[in-house]
Amino acid sequence: MSGPLSGYTADPRLRWTEAIPFVVALAGFFLLPEYLALGSRILIFILFALSLDLILGYGGIVTLGHSAFFGLGAYTAGILSAKLGVTDPFIQLFFAGLSSSILGLATGAIILRTRALTLLMLTLAITAILLEVANKASSLTGGADGLQGVVVAPILGAFKFDLFGRTAFLYCLVALVVGWWVVRKLIYSPFGAMLTGIRENRARMHAVGAPVYWRLVLVYTISATMAGIAGGLLTQVNQFVGLNVLGLEPSGDLLVMLILGGVGRMYGAFVGPVIYLVVQDWLAKQYPEYWYFGVGALLISVVLFAPGGILGLVDKCLQLLKPKSSARASAR
């Protein structure tokens with residue numbers, strides 16, 4: 001679970017390399033206009049993955065029920081539009097995040113008193129309960145048929161969600177930048193250092209008088225809020241909500257994405273979703289019956305040969321190159 005140096009002791013200054021993901025996203029906007037719908041989905045799942053990495057990679061909270069907050073945010077935005085006539089995109093996102101934060105606070109205050117397998121099972125139980133509620137409350141959620149009739153007003157009254165996905169892509173990119181900035185500020189702070197300490201040695205943090213339980217509840221609530229906003233974005237982009245947003249599959253996919261990119265590295269949340277969703281899209285087109293086999297083979301390869309994820313493999317390669325470059329410099 002241990003990742004690279006992070007928290008208040010690390011250098012908090014922005015580096016030019018941190019702009020690379022956003023530059024690549026903008027390049028994709030101009031160079032690959034036919035893939036903007038896939039690009040919007042990737043941006044949403046990067047934000048979703050960031051929310052999970054905050055509690056898993058830095059807080060050490062293992063969960064398989066993160067889709068509960070994602071799905072609640074998605075349904076909140078959809079119900080506001082389809083049932084209550086609220087079409088303003090920012091109001092929809094605000095209440096999507098608010099509803100998920102309330103659920104995160106309420107459930108986190110209970111389940112974070114447990115650990116290991118008990119915690120894992122409770123997160124699954126919460127997701128299963130929400131899924132059943134959404135299925136039964138068909139008059140509100142649409143049930144198995146999904147919630148249709150979602151309408152999103154033009155952003156700032158000027159930018160409509162078009163068929164080509166241009167507005168949706170830029171809208172999701174702005175939301176991702178804000179989410180990334182929040183996560184980065186948290187990580188490079190005393191709060192982030194405390195999270196890292198809790199992840200590495202909870203007993204020692206208790207011994208020095210740190211409020212471990214309430215710190216975990218707080219970060220769990222923040223993570224739930226971000227996941228809810230990601231779910232609200234998905235509803236606004238698709239203008240539809242289905243029961244699949246509350247299933248085990250989104251949580252499982254998200255864990256796979258983080259493992260591919262690298263858990264506890266923040267930017268692993270950028271790499272993993274891109275690789276996973278691009279590979280999934282390509283395999284689904286080429287081999288529609290066996291695409292899960294290809295994704296599974298990719299995951300097994302990463303676990304066997306790059307246990308720290310893609311970014312962990314990059315770090316190892318850079319470390320191998322450093323002694324050579326140092327030796328050349330000393331020889332000169």
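# A guided tour of the predicted model

Begin by selecting Arg15 and Glu18, whose side chains meet in a salt bridge with an N to O distance of 3.9 Å. A salt bridge here is a side-chain nitrogen of Lys or Arg within 4 Å of a carboxyl oxygen of Asp or Glu. The model is predicted: local features need pLDDT of at least 70 and side-chain atom pairs count only at pLDDT 80 or more, while totals for chains, interfaces and linings use all residues. Residues are numbered from 1 along each chain as its sequence is written, and side-chain values use heavy atoms, with hydrogens and water left out.

**The first salt bridge and its network**

Colour the two partners by accessibility. Arg15 is partly exposed, at a relative accessible area of 38%, whereas Glu18 is buried, at 7%. In these terms, buried means under 20% relative accessible area, exposed means over 50%, and partly exposed lies in between (1.4 Å probe, protein chains only). Now add Arg184 to the selection: Arg15, Glu18 and Arg184 are linked in a network of salt bridges.

**The whole chain**

Zoom out and switch to a cartoon view. The secondary structure consists of 14 helices and zero strands; helices (H or I, at least four residues) and strands (E, at least two) are DSSP runs, numbered from the N terminus. The C-alpha atoms fill a box of roughly 70 × 50 × 40 Å along the principal axes. The radius of gyration of the protein is 20 Å, which agrees with the value near 20 Å that a compact globule of 332 residues would have. This radius is taken over C-alpha atoms, and the globule rule is 2.2 Å times the number of residues to the power 0.38.

Contacts give another view of the fold. Of the contacts with a separation of 6 or more, 80% join residues 24 or more positions apart, contact meaning heavy atoms within 4.5 Å. Next, display the surface. The protein exposes about 16,500 Å², of which carbon and sulfur atoms supply 69%; accessible areas come from the Shrake-Rupley method with a 1.4 Å probe, and for residues only the protein chains shown count as cover.

**The nonpolar core**

Hide the surface and select Leu50, Tyr75 and Leu112. Among the 88 residues of the largest nonpolar core, these three touch the most other members. Helix α2 (residues 36-58) gives the most to this core, with 16 residues. Such a core is a set of buried Ala, Val, Leu, Ile, Met, Phe, Trp, Tyr and Cys residues joined through side-chain atoms within 4.5 Å. In soluble globular proteins, nonpolar side chains tend to be buried together. Across the 332 residues of this protein, 48% count as buried.

Centre on Tyr75. Leaving aside neighbours within four places in sequence, Tyr75 is in contact with Ala134, Thr141, Leu147, Val241, Gly242, Leu243, Val245 and Leu246.

Move next to Ile111, in helix α4 (residues 89-111). Ile111 is buried, with a relative accessible area of 2%. Beyond residues up to four places away in sequence, Ile111 touches Leu119, Leu122, Thr123, Ile126 and Tyr220. A distance label from the C-alpha atom of Ile111 to that of Leu298 should read 33 Å; the two residues are 187 apart along the chain.

**A nonpolar patch on the surface**

Restore the surface and select Leu26, Phe30, Leu31, Leu32, Tyr35 and Leu170, which make a nonpolar patch of about 620 Å². Patches are made of residues with over 30% relative accessible area and no salt bridge; like charges are joined within 9 Å and nonpolar side chains (Val, Leu, Ile, Met, Phe, Trp, Tyr) within 5 Å. Helix α1 (residues 20-31) supplies the largest share of the patch, three residues. Leu170 belongs to helix α7 (residues 166-187) and is partly exposed, at 35% relative accessibility.

**Further salt bridges**

The model holds six salt bridges in total. Select Lys136 and Glu132, whose closest N and O atoms are 3.8 Å apart. These two are separated by about one helical turn, because they lie four residues apart in helix α5 (residues 116-136). Lys136 is exposed, at 61%, and Glu132 is partly exposed, at 40%.

Then select Arg199 and Glu200, whose salt bridge has its closest N and O atoms 2.8 Å apart. Arg199 is buried, with a relative accessible area of 14%, whereas Glu200 is partly exposed, with 42%.

**Last stop**

Finish at Ser138, in helix α6 (residues 138-141), which is partly exposed at 43% relative accessible area. From Ser138 to Gly165, 27 residues apart in sequence, the C-alpha distance is 29 Å.
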